[in-house]
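Work through the exercises below with the coordinates open. Try each task before reading its solution.

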Amino acid sequence: DEAYAAITNLYDRGLHDYLSVPLWCDYLNFVQQHDPLLHQSSPLGISKMRDLFERAVPAAGLHLTQGNAIWEAYIKFEQTILHTIDDSHTEEKEKQVQRIRSLFHRQLSVPLYDSRSTLLAYKSWEDEQGGISKSSSNDLDGISSHVSSAYKKAMEMYNERAHYEEQISRNDALEEKLQHFLTYIKFEQSSGDPARVQILYERAVTEFPVSGDLWLDYTRYLDETLKVAKCVLDVYSRATRNCTWIGELWVHYLLSLERASASEEKLFTVFEQSLQCAFSSSEEYLDLFLTRIDGLRRRNFSAGSTALDYSVVRDTFQRATDYLSPYLKNTDGLLRLHAYWARLELNHGKDLVAVRGVWESLLKTSGSMLEAWKQYITMEIEMGHIDEARRIYKRCYSKRFTGTGSEDICHSWVRFEREFGTLEDYDHAVRKVTPRLGELQLFRLQQEAKMGVASVAQKEDLVSKKTPQKRKLSARSTDEHPTSKKQKGTAHDPTRSFEKETSQKSTEVKIVGSDQPKPDKPETVKEQQLKPSAPREIYKDQCTVFLSNLNYQANDDNLRDFFSDVGGVTAIRLLKDKFTGKSRGLAYVDFSDDAHLTAALAKNKQILLGKKVSIARSDPKHNKRKESSGRSSREHDKRGPATGRTESFEGSDSQMKESVTSQTSSSNSNRHGNSVQLRGKNTFAVPRTLVRPLGWSNNEPKKVDNVDNLNSNDEFRKLLLKK
């Protein structure tokens with residue numbers, strides 16, 4: 001008996017957290033067996049038991065497949081009480097009979113599994129009372145019209161939902177089962193019965209208690225539809241205990257508490273609990289702090305509300321900036337927080353020193369944000385402090401901002417002096433700004449030149465990667481070594497026989513442009529090699545760091561700002577996906593010397609846009625070894641450093657160089673639409689994959705005397721015809 005209260009408390013806690021029809025049935029049986037007041041047939045004990053049943057009916061009695069158990073237990077309890085009433089108490093007995101009949105009617109109006117058995121049990125009970133004969137062939141014979149229509153409607157509702165019940169009862173994968181639940185919930189919402197929607201949500205969260213999206217959907221529905229403060233707050237309390245890592249749930253919980261006019265102690269407790277949780281991003285913490293500050297502002301400065309000490313608002317702002325500044329440096333979120341704080345200090349705190357202190361604290365951590373300086377200046381102008389705004393312009397016009405920010409602040413200062421300053425102030429601003437704009441313009445030109453060269457190199461690399469690699473075969477010669485015989489231990493290289501053959505023949509290549517007159521004397525390969533070629537940027541990675549784990553939103557300006565305290569940055573290369581064009585979270589940064597490189601390596605594991613960046617020195621020798629793996633030794637000798645992405649031929653035979661260059665020149669000219677003339681015998685070997693040009697018959701082709709008169713641009717076809 002001493003443990004009865006503790007056990008009932010455990011039942012209440014379990015049923016408060018999750019919906020379980022078997023647990024409800026066990027709870028009801030336990031109370032009926034062990035409640036001392038009920039054993040004494042005390043009216044108080046019977047009343048408490050009925051109250052417990054009335055709690056169970058809306059919580060579990062609407063369960064489509066298991067709710068019958070609750071109703072049957074309730075009716076059985078009332079029938080037991082009926083049998084204890086003496087026949088002499090006719091009025092009391094008739095009242096109990098009417099109570100049981102009402103329970104049957106309520107159950108028959110609810111769509112439940114096996115409702116026909118309930119109908120037959122009801123008719124049997126009515127027959128015992130002398131009301132309805134159960135011998136009729138039709139189930140609804142003798143039933144009152146309103147009960148009959150309610151039963152038919154309940155059966156229609158059950159038939160509409162039987163398909164959804166079958167889907168969620170299958171042993172599908174978790175994702176599929178959750179999707180079936182969501183589909184079922186959407187259908188139930190269209191019917192417009194909040195009680196049925198709520199019990200379906202309860203069934204879903206019992207199956208998927210750590211689904212954040214499901215809890216968010218459930219709480220959103222309650223906020224918009226039910227709007228019962230106690231019920232909504234209970235669901236939010238359970239949601240935040242099951243999914244502590246969802247910041248949006250905590251934000252909605254605080255707003256729901258404010259709508260319910262909760263005490264400041266309760267709001268403070270929930271807010272402190274939320275800060276102990278681990279969220280996935282700094283933005284969630286920022287949203288949580290702003291929600292708390294919004295509530296304090298409304299409580300402090302709204303009409304009819306109980307005012308709090310403004311120091312609470314100031315302390316919350318200070319706590320937010322201390323907590324978030326390392327993670328939101330140079331972001332709009334941190335700027336929004338400080339601007340909000342400065343505005344409240346100005347309008348409600350009435351402390352100008354505090355306002356400027358807020359802006360100065362922001363500039364101390366995020367001084368490279370142009371928008372922070374501009375909003376600071378705008379606030380000073382709105383307050384009429386022109387001299388203070390001018391001092392801010394003098395502080396920031398020489399700073400370096402991302403994009404065109406440096407030029408923008410210079411032009412903004414000149415416009416400011418034109419509108420608010422004297423002629424001397426305007427002349428002073430122009431004298432300061434003019435050399436600064438010249439420096440910026442020169443810097444932009446240098447950057448554009450570097451980027452132009454880099455973009456050309458990247459385009460050439462992209463074209464070379466996309467060009468299909470054609471298979472090269474050595475020429476078959478009867479008087480030379482057979483192709484099947486190879487040197488022992490040497491892999492077959494098609495270019496070797498090609499080089500050997502071309503080195504024995506003198507070859508000249510003449511390139512005739514489509515828009516240039518034909519020269520009198522053809523230009524040889526050696527003469528073409530003597531012409532100066534366009535410079536190509538080569539990355540040697542001598543003073544270069546490799547960055548990984550970057551935020552996918554990071555760009556060149558963010559990286560330049562990140563290394564602004566180090567200095568010496570000469571180039572930045574963000575690695576992007578070749579198909580989507582999006583950042584891969586990797587980058588190379590070149591520095592002017594080893595001193596700047598060492599300082600940059602010291603910034604390893606520092607935060608950039610909310611993520612810890614890994615910084616390591618680039619090792620070009622390692623890259624070279626990695627790229628050369630899997631190639632033949634001859635091909636590896638022909639390639640240059642991996643970072644340079646250039647090729648060089650180191651053979652001593654000049655004729656071999658000429659033949660290889662002639663092949664490259666003819667291929668390039670063909671791609672650009674120029675006509676090609678090849679002179680020499682047996683210049684190229686026949687590719688294995690092209691025995692005959694496309695369109696030739698199986699018969700021997702006719703001899704063509706003049707190859708140059710053909711209109712085809714296929715150099716292989718021309719070479720085959722000439723051969």
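The exercises that follow concern a predicted model.

**Exercise 1. A salt bridge across the sequence**

Task: Which residue forms a salt bridge with Arg241, and how many residues apart in sequence are the parts that the pair ties together?

Solution.
- Step 1. Find the partner. Arg241 forms a salt bridge with Asp17.
- Step 2. Check the distance. The closest N and O atoms are 2.7 Å apart, and the cut-off is 4 Å.
- Step 3. Place both ends. Arg241 lies in helix H12 (residues 229-242) and Asp17 in helix H1 (residues 4-17), so the bridge ties together parts that are 224 residues apart in sequence.
- Step 4. Classify the exposure. Arg241 is partly exposed because its relative accessibility is 47%. Asp17 has 22%, so Asp17 is also partly exposed.

The general idea: side chains of opposite charge can pair when their charged atoms come close.

**Exercise 2. A helix-to-strand pair**

Task: Which elements hold Asp594 and Arg617?

Solution.
- Step 1. Establish the contact. Asp594 and Arg617 form a salt bridge, with 3.8 Å between the closest N and O atoms.
- Step 2. Assign the elements. Asp594 lies in helix H26 (residues 594-601) and Arg617 in strand S7 (residues 614-617), so the pair ties together parts 23 residues apart in sequence.
- Step 3. Read the accessibility. Asp594 is partly exposed at 44%. Arg617 is partly exposed at 47%.

**Exercise 3. A network**

Task: Glu160 and Arg161 meet in a salt bridge. Is Arg161 buried or exposed? Which residues are linked in the network?

Solution.
- Step 1. Take the pair. The N to O distance between the Glu160 and Arg161 side chains is 3.6 Å.
- Step 2. Classify each end. Glu160 is partly exposed, with a relative accessible area of 47%. Arg161 is buried because its relative accessibility is 2%. The cut-off for buried is under 20%.
- Step 3. Extend the pair. Glu160, Arg161, Glu188 and Arg196 are linked in a network of salt bridges.
- Step 4. Set this against the total. The count for the model comes to 32 salt bridges.

**Exercise 4. Cysteines**

Task: How many disulfides does the model have, and how far from Cys410 is the nearest cysteine sulfur?

Solution.
- Step 1. Apply the cut-off. Two cysteine sulfur atoms must lie within 2.5 Å. The count comes to 0 disulfides.
- Step 2. Test Cys410. Its nearest cysteine sulfur is that of Cys396, 8.5 Å away, and Cys410 is in no disulfide.
- Step 3. Check burial. Cys410 has a relative accessible area of 0%, so Cys410 is buried. Cys277 is buried too, at 12%.

**Exercise 5. Positive phi**

Task: Where are Asp114 and Lys605 placed, and what is the phi of each?

Solution.
- Step 1. Recall the background. Most residues other than glycine have a negative phi.
- Step 2. Read the angles. Phi of Asp114 is positive, near 60 degrees. Phi of Lys605 is also positive, at about 70 degrees.
- Step 3. Locate them. Asp114 is in the loop between helix H6 (90-108) and helix H7 (115-128). Lys605 is in the loop between H26 and strand S5 (607-608).
- Step 4. Add exposure. Asp114 is partly exposed at 40%. Lys605 is partly exposed at 47%.

**Exercise 6. A charged patch**

Task: Which residues form a negative surface patch?

Solution.
- Step 1. List the members. They are Glu283, Asp287, Asp332 and Glu371.
- Step 2. Place one of them. Asp287 is found in helix H15 (residues 282-301).
- Step 3. Check its accessibility. Asp287 has 38%, so Asp287 counts as partly exposed. Patch members need over 30%.

**Exercise 7. Sequence separation and space**

Task: How many Å separate the C-alpha atoms of Ala454 and Ala571, and those of Tyr11 and Leu23?

Solution.
- Step 1. Start with the alanines. Ala454 and Ala571 are 117 residues apart along the chain, and their C-alpha atoms are separated by 10.0 Å.
- Step 2. Describe one end. Ala454 sits in helix H22 (residues 423-466). Ala454 is buried because its relative accessibility is 9%.
- Step 3. Turn to the second pair. Tyr11 and Leu23 are 12 residues apart in sequence and 7.8 Å apart, C-alpha to C-alpha.
- Step 4. Describe Tyr11. Tyr11 lies in helix H1. Tyr11 is buried, at 12%.

Notes: Residues are numbered from 1 along each chain as its sequence is written. This is a predicted model: local features need pLDDT of at least 70, side-chain atom pairs count only at pLDDT 80 or more; totals for chains, interfaces and linings use all residues. Side-chain values use heavy atoms; hydrogens and water are left out. Patches are made of residues with over 30% relative accessible area and no salt bridge: like charges are joined within 9 Å, nonpolar side chains (Val, Leu, Ile, Met, Phe, Trp, Tyr) within 5 Å. Accessible areas come from the Shrake-Rupley method with a 1.4 Å probe; for residues, only the protein chains shown count as cover. Lys and Arg count as positive and Asp and Glu as negative; His and the chain ends are not counted. The place of a charge is taken as NZ of Lys, CZ of Arg, CG of Asp or CD of Glu. Helices (H or I, at least four residues) and strands (E, at least two) are DSSP runs, numbered from the N terminus. Buried means under 20% relative accessible area, exposed over 50%, partly exposed in between (1.4 Å probe, protein chains only).
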